[in-house]
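Reader: I'd like to go through this one piece by piece, with the cut-offs spelled out. Let's start with how the strands are put together.

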There are 4 protein chains.
Amino acid sequence: MLKVGLIGFGYWGPQLFRNFSASSEFELVAVADQSEARRADIRKLFSGRVVASALEIVEDKSIDAVAIATPVASHFELARRAILAGKHVLVEKPMCATVAQGEELVELAARQGVVLMVDHTFLFTGAVQRISEIVRDGDLGRLCYYDSMRVNLGLFQPDVNALWDLAPHDLSIIDYLIDDEPIQIEASGYCHVNQHLPDIVYLTLHYASPMVAHLNLSWMSPVKVRRVAIGGTNQMVVWDDLNREETVKVYNSGIQVQPEDQRTVIIPGYRIGDVSSPRLANREALASVIEHFANVINGKEKSIMSGERGLRIVRILEASQKVLDDNLKHAREIQTSGLAR
Amino acid sequence: MLKVGLIGFGYWGPQLFRNFSASSEFELVAVADQSEARRADIRKLFSGRVVASALEIVEDKSIDAVAIATPVASHFELARRAILAGKHVLVEKPMCATVAQGEELVELAARQGVVLMVDHTFLFTGAVQRISEIVRDGDLGRLCYYDSMRVNLGLFQPDVNALWDLAPHDLSIIDYLIDDEPIQIEASGYCHVNQHLPDIVYLTLHYASPMVAHLNLSWMSPVKVRRVAIGGTNQMVVWDDLNREETVKVYNSGIQVQPEDQRTVIIPGYRIGDVSSPRLANREALASVIEHFANVINGKEKSIMSGERGLRIVRILEASQKVLDDNLKHAREIQTSGLAR
Amino acid sequence: MLKVGLIGFGYWGPQLFRNFSASSEFELVAVADQSEARRADIRKLFSGRVVASALEIVEDKSIDAVAIATPVASHFELARRAILAGKHVLVEKPMCATVAQGEELVELAARQGVVLMVDHTFLFTGAVQRISEIVRDGDLGRLCYYDSMRVNLGLFQPDVNALWDLAPHDLSIIDYLIDDEPIQIEASGYCHVNQHLPDIVYLTLHYASPMVAHLNLSWMSPVKVRRVAIGGTNQMVVWDDLNREETVKVYNSGIQVQPEDQRTVIIPGYRIGDVSSPRLANREALASVIEHFANVINGKEKSIMSGERGLRIVRILEASQKVLDDNLKHAREIQTSGLAR
Amino acid sequence: MLKVGLIGFGYWGPQLFRNFSASSEFELVAVADQSEARRADIRKLFSGRVVASALEIVEDKSIDAVAIATPVASHFELARRAILAGKHVLVEKPMCATVAQGEELVELAARQGVVLMVDHTFLFTGAVQRISEIVRDGDLGRLCYYDSMRVNLGLFQPDVNALWDLAPHDLSIIDYLIDDEPIQIEASGYCHVNQHLPDIVYLTLHYASPMVAHLNLSWMSPVKVRRVAIGGTNQMVVWDDLNREETVKVYNSGIQVQPEDQRTVIIPGYRIGDVSSPRLANREALASVIEHFANVINGKEKSIMSGERGLRIVRILEASQKVLDDNLKHAREIQTSGLAR
C-alpha cells in the first residue's frame with residue numbers, strides 16, 4: 001500500500017479524502033489544512049494525522065505520495081517541494097499558474113523519477129471514456145469541430161476567472177481526444193461583476209488538423225448548461241452532462257458536401273439518420289483517477305493525466321489570457337473614448 | 001386596398017404569396033419569377049398576372065407596392081427601381097449586399113416619400129414580442145448579455161455564407177431590443193465544406209451599454225438548435241424556438257455580486273428562483289409583417305422594420321465579414337507556413 | 001384514375017380533400033356538405049361539383065369511390081347506401097356506432113365485391129410503421145404490455161365521449177401489431193364536465209397472448225401527452241408523438257427475471273442498456289392511406305385497414321362502453337347513498 | 001436529546017442512520033441487524049452498540065424511541081413490542097401488513113401515550129410541500145383528478161408486489177392533500193415475472209369529493225417515470241420527480257366547460273395559459289421527517305404521518321389487493337378455459 005497525504009480540505013479535498021479512504025492501493029496517513037475549523041471536521045471522520053502545515057506532509061519521509069487540493073496559486077510551491085522530497089504528486093487542475101512553473105515541475109519530476117499527475121477528473125467519466133472510444137474507432141470520420149457551452153451561476157473567486165475555472169475541463173478533453181495543439185487562439189470576454197475577473201469568456205482555438213474548437217464559458221447563467229458537441233464528417237456526438245438518462249448521444253449524420261456549382265437550398269429537417277445513446281459506465285470518475293495514479297506509480301499503466309498534458313493545458317490558458325486581456329483593454333479604451341464604430 | 005406585386009417565388013415567395021392573398025389590406029395583382037416551372041406552379045394557385053420579368057411589376061403604374069423575395073444580390077437593383085417608380089417596398093432580409101447600397105436605398109426612399117421595409121419576420125413572432133415586453137418593462141434589470149446558438153445542417157448556397165444567412169435574425173432582434181450599436185466586433189469561423197464560404201461563424205459584439213452579444217452560427221450541426229439566452233442583472237430569459245410548449249422561459253434569478261475581498265466558493269445548484277413560461281400569441285408572424293406594412297404605408301404605425309434598421313444590420317454584417325476574412329486569411333497563412341504556436 | 005366523391009368538410013374533410021387532390025390515383029369529382037358556409041369555402045378551392053346532399057354523391061353512377069368524413073352517427077347509413085350503389089368506401093374511424101352496424105357493412109361489402117376501408121390514419125405514420133417492423137422482427141421478444149397515455153384539453157362534443165374519440169387510435173394500433181383480441185375488459189372513468197359523457201377513461205384489456213394493454217384517456221389535461229410504451233421481454237419501445245426529434249426510442253433492456261427463492265432488492269438505475277432512436281419516414285400518413293385505398297381497390301395490396309379490422313375496434317369500444325357505464329352507474333349509486341366503504 | 005435505536009440496516013436503514021446521526025434532537029445509541037456482514041459494516045461507521053437481535057433495542061429501558069426499517073412482515077410485531085415497552089415508534093411504510101394489525105397498533109399507541117409515526121418520506125419533499133400549499137391555497141380550484149405514473153425496472157422481492165411497493169407513495173400524498181377516503185376501488189394488474197406477485201398494477205380510486213385517482217404502477221419499465229398530474233377546475237400541477245430543474249410545474253389553465261347544446265370541436269393547442277415552476281426547498285426530506293418525529297414527541301407539532309394516516313393507507317392497500325386478486329383469478333380462469341369474449 002502506498003502511503004498518501006492529502007493537502008487541502010476545501011471544495012475538492014473531501015472528495016479526494018473519500019476516494020483515497022476507499023482505495024485498496026493507498027493508505028491515507030495524513031491530511032493538512034490551514035483552517036482550524038476544517039481540521040476539526042476532518043478529525044470527526046479520520047483517525048490519522050491531521051496537521052495545519054502542508055510542509056509536515058511534504059517533508060514526512062514515510063509518505064510516498066501527496067495529493068494537492070489547494071488554491072491554484074500554491075500548487076507550484078507545494079508540488080515542487082513534494083517532488084524534491086521524492087514524492088509522487090497528484091495535483092488539482094489547473095496544474096499551476098504559469099507556463100514557467102509548469103515547465104519546471106515537469107522537468108523536476110523527470111529528474112527525480114517521480115510521477116507528476118494532474119487530476120483532470122473528467123477524462124475518467126463514463127462519457128469521456130465512451131466518446132474517446134468513438135473518436136479512436138474512427139466512427140465520427142475526420143473531426144471538424146468541438147463546441148462547448150459550459151455556463152452556470154456563481155462561483156466567484158478572487159484568484160481565478162471563468163477562463164481558468166471552466167476551460168481546463170474542455171482543454172484537457174480536447175488534448176486527450178486529438179493529438180494536436182492550437183495554432184491560433186481567439187479570446188474575448190466580459191467582466192460584469194468584478195472589474196478584474198472576466199465572468200464570461202468566449203474562446204476559439206484553431207488546430208492544424210484542421211479543426212476548430214469553441215468554448216462558451218460563463219458564471220452568469222442561472223440555467224446550468226454542460227453541453228459539448230463534437231462534429232465529424234460522418235457522425236456527431238452530443239454530450240449533455242446534465243441529462244442523466246441519455247448523457248451521450250451519437251447522431252448518425254454526416255455533413256453533406258454539395259457540388260459548389262449548383263445553387264441548393266435545403267430546408268433542413270430536425271435531423272437526418274438514426275440517433276443512439278450508448279450505456280455508460282457509472283463508476284465514480286475520481287475513484288478511477290486514484291486507481292490510475294497507483295497504477296502509474298507501480299508502472300502498470302501509462303499516464304493519461306501526465307504533467308506534460310497538464311503543462312499543455314496551462315500553456316493554452318496563459319496564451320488565451322493574454323489575448324483576452326488585450327481585447328478587454330481595447331474594448332475599455334473604445335468605451336472610454338466614446339467612439340462608436 | 002393596396003395593389004401589391006410579388007417578385008420571386010423560390011423559398012420564401014410562396015409564404016408571402018399565401019399571406020398577401022389572405023390579407024384584407026392588400027390585393028395581390030401580379031407575381032414574377034424567372035423560372036418557367038415556377039410560373040406554372042403559380043398559375044395553378046393564382047388567377048392574376050404571372051410574369052417572367054420583375055421589371056413588368058416594378059414599372060407597372062397601377063401597382064402601389066412590391067415585395068422582393070429574390071437572392072440577396074438582386075435586392076438593391078430591384079428595390080432601387082421600385083422606389084424610383086414611387087412604390088412602397090418590402091424586401092427580404094438582409095436588405096442588400098453592401099452598406100453603400102443600403103445607404104442609397106434609405107436615402108432614395110426618404111426622397112421619394114415611400115415606405116422601405118425589411119422583412120425581419122422574427123420581430124413579429126410571439127416569442128420576440130413577449131421578450132421585448134419583458135425587456136421594456138425592465139423586468140430583466142440591466143442587460144448583460146445576449147447569447148445565441150443557431151445551428152443546423154445544410155442549406156449550403158453559393159452566394160451567401162453562415163454569417164449572412166443566420167446572423168440577421170439575431171442582429172435584428174438585438175437592434176429591436178436595445179437602442180445601441182456595437183463598438184467592437186470579433187469574428188472567427190471555419191470553412192469545412194466550401195473553401196470560400198464559412199459554414200461555422202462565431203461572432204462577439206461589444207456594446208457601450210455595456211453589453212456583450214455572442215452568436216454561435218453553424219451549418220454543420222445534425223442537431224438543430226435555436227437557443228437564445230438574454231441575461232440581465234435581475235432575471236434571465238431563455239428562448240428555445242424548437243420547444244413548442246415552453247418556447248420562452250423566464251428565470252427569476254439575478255447575478256449575485258459578491259464582495260471582492262472575501263473568497264467565496266459557491267457550489268451552484270441547478271437554478272435559483274422560480275421559472276415561468278408565458279403564453280405566447282400564436283398568430284403567424286408573416287401575417288403580422290404584412291399587416292404592419294399596410295399600417296406603415298397608411299400612416300397608422302411607425303415601422304419597426306425600417307430601412308434604417310435594415311441598414312444597421314447590413315453595416316454589422318459587412319464589418320463582421322471584414323474581421324472574419326482577416327482571421328480566416330491569417331489562419332490559412334499559419335496553417336500553410338506550418339508554424340504552430 | 002378512380003373517380004372519388006368526398007362527403008363532409010368539417011375537421012377531417014379538408015385533409016382528405018387536400019390529399020385526394022394531390023393523388024395521382026384519384027380524381028376528386030364532387031364534395032358534399034350540409035353547411036352552406038362550408039360549401040362556399042370549398043368552391044374557393046375546388047372547380048368540381050359541390051353539393052348539399054350526400055345522396056347526390058352516393059347515387060352518382062359515374063363515381064367509383066366515396067370518402068365519408070361526417071359525424072359517427074351517420075357513417076352507417078352513408079356507407080351502406082354507397083356500398084349498395086357499388087362504390088368503394090373509405091370511412092373515418094370509428095367505422096360506425098354499433099357492432100350490429102359494423103357486421104352489416106362488412107357483410108354487405110363482401111357481397112357487393114367492393115372495398116370497405118376504415119381510415120385508421122395512425123397505422124401509416126412513420127412511427128407505427130417502424131414499431132410494426134420492430135415487433136415483427138421479434139426484437140422486442142414476447143410482448144408483455146402496451147401502455148398508452150393520450151390526454152389533452154378540450155374537444156368536447158355532444159355525440160362522442162373520450163373513449164370513442166381517443167381509444168380507436170390505440171385499439172387499431174394494437175390490432176395491427178398483434179393478432180389477438182382481448183379476453184377481458186376493465187373500464188372506469190369520470191364525467192367532470194358533462195354528466196353523460198365520460199371525459200376521463202381508463203381502459204385495461206387482457207389478451208390471451210398473454211399481454212395487457214392499458215389506456216389512460218383524458219380530455220381534462222392542459223398538457224397534451226401522446227406517449228405509448230410497448231414492453232417486451234427483450235426490449236421496450238417508447239413512442240412520444242410530440243417529440244419531433246426522437247419520436248420513437250428503443251430501449252435495449254429486457255425484464256430481468258430473478259429466481260423466486262432469493263430475496264433481491266435492486267436499486268434500479270435510470271436505465272440499463274443502450275437507447276436508440278431510428279429515423280422515421282416523414283411522408284404524410286394520410287397520403288399513404290389514400291394510395292393504399294387505390295392499391296387495394298386495384299388489387300395490388302391487401303388492406304391493413306379493412307372493414308373487419310374496423311369492426312373489431314367497434315366491438316371493443318362497445319364492450320368497453322358497457323363496462324364503463326356499469327361502473328359509472330355503480331359509482332353514482334354509492335355517491336348518492338353516501339355510503340363510504 | 002432523545003435516545004433512539006435503529007432496527008434494520010438494509011436498503012433504507014443506512015439513510016435513517018445518517019440522518020439520525022446528523023440530528024440535533026436525537027442521540028443514536030444502538031443499531032440492530034440480523035446479518036453479521038451488515039453489523040460489520042455498521043461498526044465501521046458507528047461507535048455505539050451494534051446488536052443482532054431487535055429485542056435488545058426494543059427492551060432497552062434507556063431508549064426513548066425506535067425506528068423500524070425491516071421487511072413489512074415484521075413491522076407489526078416489532079412496533080407492538082416497542083409500544084408496549086413505552087417507546088415512540090417511527091416505522092417504515094407501509095405501516096404493517098393488514099388492517100387488523102394497523103388498528104391494534106393505533107389503539108395500543110393511544111393507550112400507551114406514545115407517538116406512532118409512519119415514515120411516508122415523500123410528504124416532506126419540497127415538491128409535495130409546495131403542491132400541498134397550492135392545493136390548500138385553492139389555486140387549483142376544485143380537485144378533479146390525481147393521475148400517477150410510477151414505473152421502473154426491477155426491485156423484485158418475494159414478500160411484496162408492485163401494489164404494496166409503489167402505491168403507498170401516492171396513497172399517502174392523496175391522503176395528505178385531500179381529507180377524504182375512496183368510496184370505490186378498481187384494480188387490475190398482471191404477473192409477468194412471478195406468478196404470485198403482480199408486477200404491473202392499475203388502480204382507480206373514486207372519491208366522494210368527487211375526484212378520481214389513477215395509479216399506473218409497474219416494475220416492468222426500463223424507463224423510469226415518476227410523473228404525477230393533479231388537475232383542478234382552475235389549474236393543473238405536474239410533478240416530474242426526475243426533472244431536477246423544473247420538478248413541479250403549474251399550468252395556469254382550467255377546464256373549459258362548453259354549453260352542452262352546441263356541437264363544438266376545438267383543435268387543442270399544446271397548452272393554454274402560462275406555465276410556472278416554483279423553486280422548491282431542497283432540504284433532504286428524511287431530515288425533516290426525523291425533526292418532525294422529535295417535534296411530535298415533544299408536543300411541538302401535530303403529526304402529518306400519524307398511525308391513523310398509516311392505517312388508512314393500509315386499509316386502501318388491503319381493499320385494493322382483494323379486488324386485484326379477484327380480477328387476476330378471473331383472468332386466469334378465462335385464459336385457462338380458452339374462451340375469448
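Reader: Which residue of β4(B) is the bridge partner of Gly5(B)?

Author: Ground rules first: the model is predicted, local features need pLDDT of at least 70, side-chain atom pairs count only at pLDDT 80 or more, and totals for chains, interfaces and linings use all residues. Residues are numbered from 1 along each chain as its sequence is written, while chains are lettered from A and ligands numbered from 1 in the order in which they are written. Strand β1 (residues 2-7) of chain B runs parallel to strand β4 (residues 65-68) of chain B, with four bridges joining them (helices, H or I with at least four residues, and strands, E with at least two, are DSSP runs numbered from the N terminus). On β4(B), Gly5(B) has as its bridge partner Val66(B).

Reader: And which strands of chain B stand at the edges of the sheet?

Author: The sheet is open and holds six strands, ordered β3-β2-β1-β4-β5-β6 in chain B with parallel pairing (strands pair if DSSP finds at least two bridges between them). An edge strand has a single partner, so one of its sides has no neighbour in the sheet; in chain B that applies to β3 (49-51) and β6 (116-119).

Reader: By how many degrees are neighbouring strands of that sheet turned against each other on average?

Author: Axes here are lines fitted to C-alpha atoms, for helices over the stretch in contact, and angles run from 0 to 180 degrees between N-to-C directions. For this sheet of chain B, ignoring direction, the average turn between neighbouring strands is 25 degrees.

Reader: Moving along to β5(B), which residues point the other way from His88(B), Leu90(B) and Glu92(B)?

Author: β5 (residues 88-92) of chain B pairs with β4(B) in the parallel sense over four bridges, and Ile68(B) stands opposite Val91(B) there. Five of the five residues of β5(B) are buried (buried takes 20 or more other C-beta atoms within 10 Å of a residue's own, exposed takes 12 or fewer, and partly exposed is in between, with C-beta atoms placed from the backbone). Facing away from His88(B), Leu90(B) and Glu92(B) are Val89(B) and Val91(B).

Reader: Over in chain D, at what angle does α4(D) run to β5(D)?

Author: β5 (residues 88-92) of chain D and β6(D) pair in parallel over four bridges, with Val91(D) opposite Val118(D). Helix α4 (residues 72-84) of chain D lies across β1 (2-7), β4 (65-68), β5 and β6 of that chain, and its angle to β5(D) is about 170 degrees.

Reader: What about helix on helix: are α5(C) and α9(C) roughly parallel or roughly antiparallel?

Author: The axes of α5 (residues 99-112) and α9 (residues 307-337) of chain C come within 9 Å and cross at roughly 170 degrees. On the angle scale, under 35 degrees is roughly parallel, over 145 roughly antiparallel, 65 to 115 roughly perpendicular and the rest oblique. The crossing angle therefore makes α5(C) and α9(C) roughly antiparallel.

Reader: How many residues of that contact are charged?

Author: Contact means C-beta atoms, placed from the backbone, within 7 Å. Taking part are residues including Val99(C) and Leu105(C) of α5(C) and Leu311(C) and Arg315(C) of α9(C). Ala, Val, Leu, Ile, Met, Phe, Trp, Tyr, Cys and Pro count as nonpolar, Asp, Glu, Lys and Arg as charged, and the others, Gly among them, as polar. The split is six nonpolar, three polar and, for charged, four.

Reader: How many residues are in the largest nonpolar core?

Author: A nonpolar core is a set of buried Ala, Val, Leu, Ile, Met, Phe, Trp, Tyr and Cys residues joined through C-beta atoms within 7 Å. Val66(C), one of the members touching the most others, is in contact with residues including Val4(C), Ile57(C) and Val89(C). Another core, with Trp219(A) and Ile7(B) among its 203 residues, lies apart from it. The largest one has a residue count of 205.

Reader: Which residue of β13(C) is the bridge partner of Trp239(C)?

Author: Strand β12 (residues 236-240) of chain C has four of its five residues buried. A hairpin of three residues joins β11(C) to β12(C), and four bridges link β12(C) to antiparallel β13 (residues 248-251). In β13(C), Trp239(C) is partnered by Val248(C).

Reader: Last one: is Arg332(B) exposed, buried or partly exposed?

Author: Arg332(B) sits in helix α9 (residues 307-337) of chain B. Its C-beta neighbours inside 10 Å number 14, so Arg332(B) counts as partly exposed.

Methods: Contact = placed C-beta atoms within 7 Å. Lists of a residue's contacts leave out its neighbours within four places in sequence.
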